[in-house]
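Dear colleague,

Please find below the structure that I am handing over to you. A summary of the findings follows it.

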Amino acid sequence: MRVLDRRAFLTASTALAATLAAPAVLGQAKPKLVVIGGGAGGGTIARYVAKDSGGAVDVTLVEPNPVYHTCFFSNLYVGGFFDYDALGHGYDAMQAAGVALAQDFAEAVDRDAKTVRLRSGAVLPYDRLAVAPGIDFKWDSVPGYGPDAVERMPHGWKGGEQVRLLKAQVEAMRQGGLFVMVAPPNPYRCPPGPYERISMVAHLLKQTNPTAKIVVLDPKENFSKQALFMEGWERHYPGMIEWLPASITEGVKRVDPASMLIETGFENYTADVCTVVPAQKAGAIAEAAGLTDESGFCPIDPATMASRIDPNIHVVGDACIAGDMPKSAFSANSQAKSAAMAIRAALTGARAFPARYANTCWSLIATEDGVKVGARYEPTPEKIASVDNFISQTGEDAALRRNTYEESLGWYAGITADIFG
Ligand code: FAD
């Protein structure tokens, strides 16, 4: 097991300085890849470069959490279909594959010196850097909401304890109470995610609190897999869920976490449980490194996932602008494999093949009622473009829906093994 401590990093920095002072040695040193973020995107890059380069590249993964809890399938945990512990994945197998883990937080990137400064003070030199920090929130997108409000009104949008808290609040809700979701504007992580979450909250309430009501306050006029969700809500949870777009509510004007009040231009709601999913941007380190544009996300070269701002840095996953690809773990994993190939080509001269991307997003509406949407993608000079796509149909029979659900279980087992080893 290789966990680098502060001393080891400082030694590494000193060694790099010595190497730079003596160019003759440079050719003999192993090239260094630093990866920021050990989630779906960063974990995949770290593992694939370590595995496929057979030790020819020094790979260091910077991730503060010893265990990563997936957002994907967190809705199934809310609905009672998946154990909380089964959402957690550690880094032991990745380290066994040759990845050095820096359990730390990246605070700054010096793109000229090609170094990453960690919260501990350690400085990591890199030849290539991969940035995959996921998302951060635009807190001011919902007036009255902010980091201090997340205990009262959990967002539950970064996995882990927030999701646990939200589920506990739903379970403890008074009989006949009101659950409100303030849904996010585009672009955000997992387009069908809010609506799967609503389905799973409804599934839980149907058993424990059948007279409860759910209101979704949406800044959007339509959403992913809308016809499928609407059909499913009508079939499984009739009369329980009200979805209100901004054209009806004039949007959420303010929330007051202390009184659980949600004000819209149309009506005010006092919720028993409220989840607020704010507007999103790339994880803060991407902005600090100067890799974002005015959208708050990172422009990339569609063929290699290299930053359009700094070609020595690859950005994958939710933090990047991925053209037609949605922000999903499937997408992040797919992008990471192209990035890993481009990084190995740059650092070791390994052969690179044309990038191909894919995504499927499964959602569970009720017991064994699974639906999906997906596509294949190819890079064009402008963007990652969809080349074909598919979506479940309304009116499908129960056997097909069960198959779709079972397919999603297989996907979860497969992708988590692919990321974490
Ligand atoms: P993440 O997986 O979030 O990983 C980012 C990592 O970076 C984190 O571990 C974080 O700790 C770390 N990090 C951040 N900043 C720093 C820093 N400065 N230094 C070091 N480390 C840092 N996707 C699907 O494909 N299928 C689904 O069914 C699905 N369901 C979802 C349901 C919900 C409710 C939600 C919220 C999301 C869902 N997703 C799903 C989306 C999926 O979780 C994300 O798109 C995916 O995790 C993005 O991967 P990423 O690597 O970009 O970010």
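In this predicted model, an oxygen atom of the ligand lies 2.8 Å from a polar backbone atom of G41. Two further approaches involve oxygen atoms of the ligand: one is 3.4 Å from an N or O atom in the side chain of N65, and one is 3.4 Å from a polar backbone atom of S328. On its own, the ligand has 1,000 Å² of accessible area, and the protein covers 94% of that area.

The surroundings of the ligand may be described as follows. A total of 35 residues surround the ligand, and the closest of them are G41, E63, Y68, R189 and D318. By character, the shell consists of 19 nonpolar, 10 polar and six charged residues. Three helices, α3 (residues 40–52), α4 (residues 74–79) and α11 (residues 329–348), each provide at least two residues of this shell. Of the contributions, that of α11 is the greatest, at three residues. Both domain 1 (6–134 + 283–420) and domain 2 (143–278) take part, each giving at least three residues to the shell around the ligand.

I also examined two positions in helix α7, beginning with S199. Helix α7 spans residues 193–208, and S199 lies within it. Is S199 buried or exposed? S199 has a relative accessible area of 0%, and it therefore counts as buried, for which the cut-off is under 20%. Which side chain makes a polar contact with the side chain of S199? The partner is the side chain of W233, at 2.9 Å. Not counting residues up to four places away in sequence, S199 touches F229, W233, Y237, L364 and I365.

The second position is G193, which is also placed in helix α7. G193 has a relative accessible area of 2%, so this residue is likewise buried. When neighbours within four places in sequence are left aside, G193 is in contact with N75 and W157. A further relation links G193 with F72: these residues are 121 residues apart along the chain, and their C-alpha atoms are separated by 8.6 Å.

In brief, I would draw your attention to two topics. The ligand has 94% of its accessible area covered by the protein, with residues of both domain 1 and domain 2 in the shell around it. In helix α7, S199 is buried and its side chain makes a polar contact with that of W233, while G193 is buried as well.

Yours sincerely

Methods: Residues are numbered from 1 along each chain as its sequence is written. This is a predicted model: local features need pLDDT of at least 70, side-chain atom pairs count only at pLDDT 80 or more; totals for chains, interfaces and linings use all residues. Side-chain values use heavy atoms; hydrogens and water are left out. Helices (H or I, at least four residues) and strands (E, at least two) are DSSP runs, numbered from the N terminus. Buried means under 20% relative accessible area, exposed over 50%, partly exposed in between (1.4 Å probe, protein chains only). A polar contact is a pair of N or O atoms within 3.5 Å; within protein, one must be able to donate a hydrogen and the other to accept it, and residues adjacent in sequence count only if both atoms are side-chain atoms. Contact means heavy atoms within 4.5 Å. A residue is near a molecule or strand if one of its heavy atoms lies within 4 Å of it. Accessible areas come from the Shrake-Rupley method with a 1.4 Å probe; for residues, only the protein chains shown count as cover. Ala, Val, Leu, Ile, Met, Phe, Trp, Tyr, Cys and Pro count as nonpolar, Asp, Glu, Lys and Arg as charged, and the others, Gly among them, as polar. Domain bounds come from an automatic or database domain assignment.
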